[in-house]
Structure formats: C-alpha cells, structure tokens
Amino acid sequence: MKRQLSNKYKMTTLITNIGQLIGTRTETHVLRGSELSDLPFIENAWLLIEEGQIADYGHMYELDLKLPQIPRVVIDANGSFVLPAWCDSHSHIVFAGSREAEFVDKIKGFSYSEIAAKGGGILNSAKRMSEISEAELFNESWKRLEEVSKLGTGAIEIKSGYGLSVAGELKMLRVIKQLREKSPLTIKSTFLGAHTYPLEFKDNHHGYIDLIINEMLPVIVAENLADYIDVFCETGFFSPEETETICKAGLAYGLKPKLHVNQLNSIGGIAMGQSLQAVSLDHLETLTEAEIQLLSNDQWKGLCTLLPSAAFFLRMPFQPARKLIDAGCAVALASDYNPGSSPSGNMNLVVAMSCIQMKMLPEEAINAATINGAYAMELGDQLGSITIGRKANLIFTKPIPSIAYLPYSFGTNLIDKVMVNGEFI
Ligand code: NIG
Ligand code: FE
C-alpha cells in the first residue's frame with residue numbers, strides 16, 4: 001500500500017548525479033579581495049531540497065548512508081553542473097519602449113552626454129514612461145523578468161528613475177511591487193527619482209530635490225514601495241552635495257543608499273557614498289588610484305558593483321576589476337539592464353565579459369555574480385550560495401567539461417534549466 005506522505009516530506013526533492021555542485025559553503029560573508037577566487041565545489045554530488053530551501057547536500061558515494069529511505073521526488077541531473085542562480089543587484093528592467101535610434105546615433109559619433117543634452121537618454125525614456133499605462137508597463141517588464149530568469153537570474157534589484165514626476169515614479173515603483181508579488185524571483189526595489197533633472201527643473205535643482213524629498217519620498221514610504229534610495233551622482237546630473245541631501249532624506253525613512261558613481265567622471269561620489277554607508281557603489285568605470293584605495297577600506301562594509309555590459313555598450317574602458325580585487329575590495333557584478341546603456345540583462349554575458357575584458361578569474365566572476373551580488377541586495381543570508389537553509393535558486397547547466405567553460409564559450413546559452421524556490425521555472 002502506498003504510504004501517505006507526511007507533511008515534512010511533501011515538498012522534498014532529491015537531485016542526484018550532479019557533475020559539480022558549485023558554491024558549497026557552510027557559512028557565508030561578503031567576499032573581499034583574494035577570497036573572491038575561492039569557489040568551493042563538490043564533484044559528483046547530490047542536493048536535497050525541502051520546502052523550497054536547500055536542506056542538505058553531499059557526495060554521491062555517501063548518499064545512501066546519509067539519507068534514510070524517505071519518499072521524495074528524485075531528479076537525475078545526469079552530470080549537469082549546478083550552481084546558485086545569478087543575483088543581479090543592479091537593474092532598471094521597468095522601462096517603456098526602447099532606444100535603438102540613440103544606439104545608431106552613438107555609432108554615428110554622438111556621445112552619451114551629447115545625446116542626453118539634446119533631450120535623449122533618460123529624458124527620452126521618461127517621455128515614454130509618461131505615455132504608458134501601469135498595466136502595459138507591467139506587461140513589458142514582466143516579459144523582461146521572464147527572459148532574465150530563463151537566463152539564470154533568481155534574484156534582482158529593480159530601480160525606478162524614468163518617471164521623474166510624482167505620478168511617474170509611483171507608477172514605476174507600483175509596477176516593481178506587482179512584479180515582486182507575482183514573480184517567484186526575489187526582488188528588491190530602489191527609488192531612483194534622482195536619475196536626472198526633468199526639463200522643467202533644468203535650472204531649478206532645488207525645486208526638483210524638494211519634490212523628491214517632500215512629495216515623492218513620503219508616499220513611497222507610506223506605500224512601502226522601496227528598499228533603497230539611489231542617485232546618479234555625475235557631472236551634468238547630481239553633485240555629491242545634492243546626492244548627500246537626497247540620501248539623507250531617504251535614510252531618515254530607513255532607505256539605505258545604493259548609488260550610481262564614477263560612471264563618466266570622478267567627482268567625489270565615492271567618498272560621499274561611503275560617508276552615507278552606501279550598501280553598494282555601482283558603475284566605477286572611472287577611478288583614480290586614491291579612489292581604489294578608498295573602496296578597499298574595510299571600514300566601509302559596502303560592495304563595489306561593476307556593470308561591464310554598460311561599459312561595453314557605451315564603448316567605455318571596462319571597470320578596473322583586477323586592481324579593485326587586488327587592493328582587497330568586495331566586488332559584485334550586475335547587468336544594469338536598461339534601455340540606454342545596457343539593453344541586455346544576460347548575467348552569463350556579464351560573467352564572460354568580466355573574465356575576458358576585466359581579467360577576473362571564472363571563480364571570481366561567479367562569486368561576484370552570486371554570493372556578492374546577494375550581499376549587494378542584503379540577501380546574503382538567503383541566496384547566492386549552496387548552504388543549508390538558503391533558497392533553492394539554482395542553475396542547471398548543459399553538459400560542460402569545467403566551470404571555466406561557462407565564460408569561455410561566451411554567447412552560447414549553456415543553461416539547461418533554472419530552479420527558483422525549489423521549482424523549475
Ligand atoms: O546605469 N547611468 C545612469 N543610469 C543608467 C542608464 C540610464 C539610461 O541611459 O537610460 C545606467 O547606465
Ligand atoms: Fe544603472
């Protein structure tokens with residue numbers, strides 16, 4: 001007679017014959033400097049999942065010894081490598097339409113700043129944002145979320161910043177909230193009202209900052225729409241002093257900063273971000289030696305989030321990952337998926353680019369895109385590693401000879417299946 005499954009084992013899945021189980025850790029912390037190249041794994045492994053979480057794992061040869069004969073679903077991984085799903089800690093996937101005309105303008109020789117100055121760039125997306133309904137915006141964004149989840153992303157941070165008005169920013173943040181409610185992915189939300197000055201406030205910075213602080217923030221907080229606050233601290237956008245004013249207002253509501261700094265120019269965003277205890281300082285294409293030293297200071301607990309696909313798309317020098325890691329920094333990798341500087345959310349490509357162009361080792365890149373990405377969203381205790389109690393968000397690869405093969409064969413989709421909370425998506 002068939003035994004009735006007890007509650008405990010109802011949702012139990014055993015994965016057997018894993019070629020390599022990558023990222024196995026008994027405890028986790030942010031990986032800094034040389035720690036980033038340590039990517040522990042178990043060859044020929046099994047993994048047990050209960051209630052969507054990693055319950056146990058080990059070597060195949062000790063499976064019978066360790067696991068009693070309990071009823072469970074068994075999935076044969078057939079030699080697939082299994083690794084934690086990507087944790088993409090910086091994206092702008094809620095946007096309306098696309099900007100390929102600017103892409104062509106850039107090919108013809110216009111710079112990012114020139115395109116922004118003539119009303120293109122972020123303002124172009126803001127115009128489209130004002131014209132789209134919340135329902136349509138949700139549908140467009142949902143498609144992008146589905147697309148990146150099939151490419152292995154299991155957790156993602158999403159920013160506002162194309163609204164630039166009370167109604168527009170709220171529309172974006174409400175869509176992020178809906179995505180969070182409807183998707184199995186873990187989603188963090190960031191308020192980026194300070195992405196650029198809308199045209200009507202071009203010469204009235206004080207007026208726009210006032211709008212952010214007194215009109216946007218109180219509603220956002222009342223509706224619980226954001227986890228973090230972000231500012232584009234850059235020449236022609238927000239100065240370090242303006243960044244400070246906005247972040248302090250956010251901090252007063254409990255929103256910690258995650259900031260866009262040093263993308264195009266070095267204007268003091270790093271020192272300012274560190275004084276605000278930013279959770280992460282992102283972009284970092286343009287860095288002085290002194291700033292690299294600042295970023296390596298372990299008194300600052302935040303992460304340096306590098307976005308190589310934005311550097312690639314804008315034909316900018318890649319972020320100096322090697323120098324940052326060698327100086328002891330905590331580096332994370334993210335997609336920056338957005339319509340202007342990175343119209344791709346493919347974290348596999350991000351990992352490959354960071355190895356090919358930034359000389360990160362495959363192990364460093366995978367750690368930066370998983371466990372450190374999780375910490376860059378303050379999710380390191382839930383995601384980003386194969387650790388008992390963490391969410392079973394997993395990538396199953398197609399047959400590969402080694403983990404270095406993933407970034408080596410860039411552009412090839414080597415992802416066979418993706419699991420989120422213990423279920424294949
Ligand atoms: O992270 N640099 C600021 N924000 C985005 C780009 C925004 C856009 O061009 O739409 C970024 O690269
Ligand atoms: Fe960005």
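Me: Where is the place of Ser91 in the chain?
Reply: In this predicted model, local features need pLDDT of at least 70 and side-chain atom pairs count only at pLDDT 80 or more, while totals for chains, interfaces and linings use all residues. Residues are numbered from 1 along each chain as its sequence is written, chains are lettered from A and ligands numbered from 1 in the order in which they are written, and side-chain values use heavy atoms, with hydrogens and water left out. Helices (H or I, at least four residues) and strands (E, at least two) are DSSP runs numbered from the N terminus. In those terms, Ser91 sits in the loop between β6 (86-88) and α3.

Me: Which residue offers the backbone oxygen that the side chain of Ser91 reaches?
Reply: Ser91 has a relative accessible area of 0% and is therefore buried, a term that means under 20%, with exposed over 50% and partly exposed in between (1.4 Å probe, protein chains only). At 2.7 Å, its side chain reaches the backbone oxygen of Glu157.

Me: How long is the polar contact between the side chains of Thr190 and Glu157?
Reply: Thr190 belongs to strand β8 (residues 186-194) and is buried, its relative accessible area being 0%. A polar contact is a pair of N or O atoms within 3.5 Å; within protein, one must be able to donate a hydrogen and the other to accept it, and residues adjacent in sequence count only if both atoms are side-chain atoms. The side chains of Thr190 and Glu157 are joined by such a contact, of 2.6 Å.

Me: Which spacing do the donors of the iron ion (ligand 2) follow along the chain?
Reply: Donors are N, O and S atoms within 2.8 Å of the metal (3.2 Å for Na, K and Ca), and sites may look incomplete because water is not among the atoms. The protein donors here, lying 2.1 to 2.2 Å from the iron ion, are His90 (NE2), His92 (NE2), His260 (NE2) and Asp336 (OD). Of these, His90 is buried at 0% relative accessible area, and His92 is buried at 2%. Along the chain, the donors follow H-x1-H-x167-H-x75-D.

Me: How far from Cys247 is the nearest cysteine sulfur?
Reply: Cys247 is buried, with a relative accessible area of 0%. With a disulfide taken as a pair of cysteine sulfur atoms within 2.5 Å, a search of the whole structure finds zero. Cys247 is accordingly in no disulfide, and the nearest cysteine sulfur, that of Cys233, lies at a distance of 8.7 Å.

Me: Which residue holds the cysteine sulfur closest to that of Cys355?
Reply: Cys355 is also buried, though its relative accessible area is 15%. Its sulfur has no partner for a bond because 17 Å, too far, separates it from the closest cysteine sulfur, in Cys87.

Me: How many residues apart are Lys256 and Glu378?
Reply: A salt bridge is a side-chain nitrogen of Lys or Arg within 4 Å of a carboxyl oxygen of Asp or Glu, and the whole structure holds 13 of them. Lys256 and Glu378, partly exposed at 34% and 35% relative accessible area, form one of these, their closest N and O atoms being 2.6 Å apart. The pair links distant parts of the chain, with Lys256 in strand β10 (residues 256-261) and Glu378 in the loop between α16 (371-375) and β14 (394-397), at a separation of 122 residues.

Me: How many residues of helix α15 are buried?
Reply: The buried residues of α15 include Pro362, Glu364 and Asn367. The helix, residues 362-369, is mostly covered, the buried count among its eight residues being seven.
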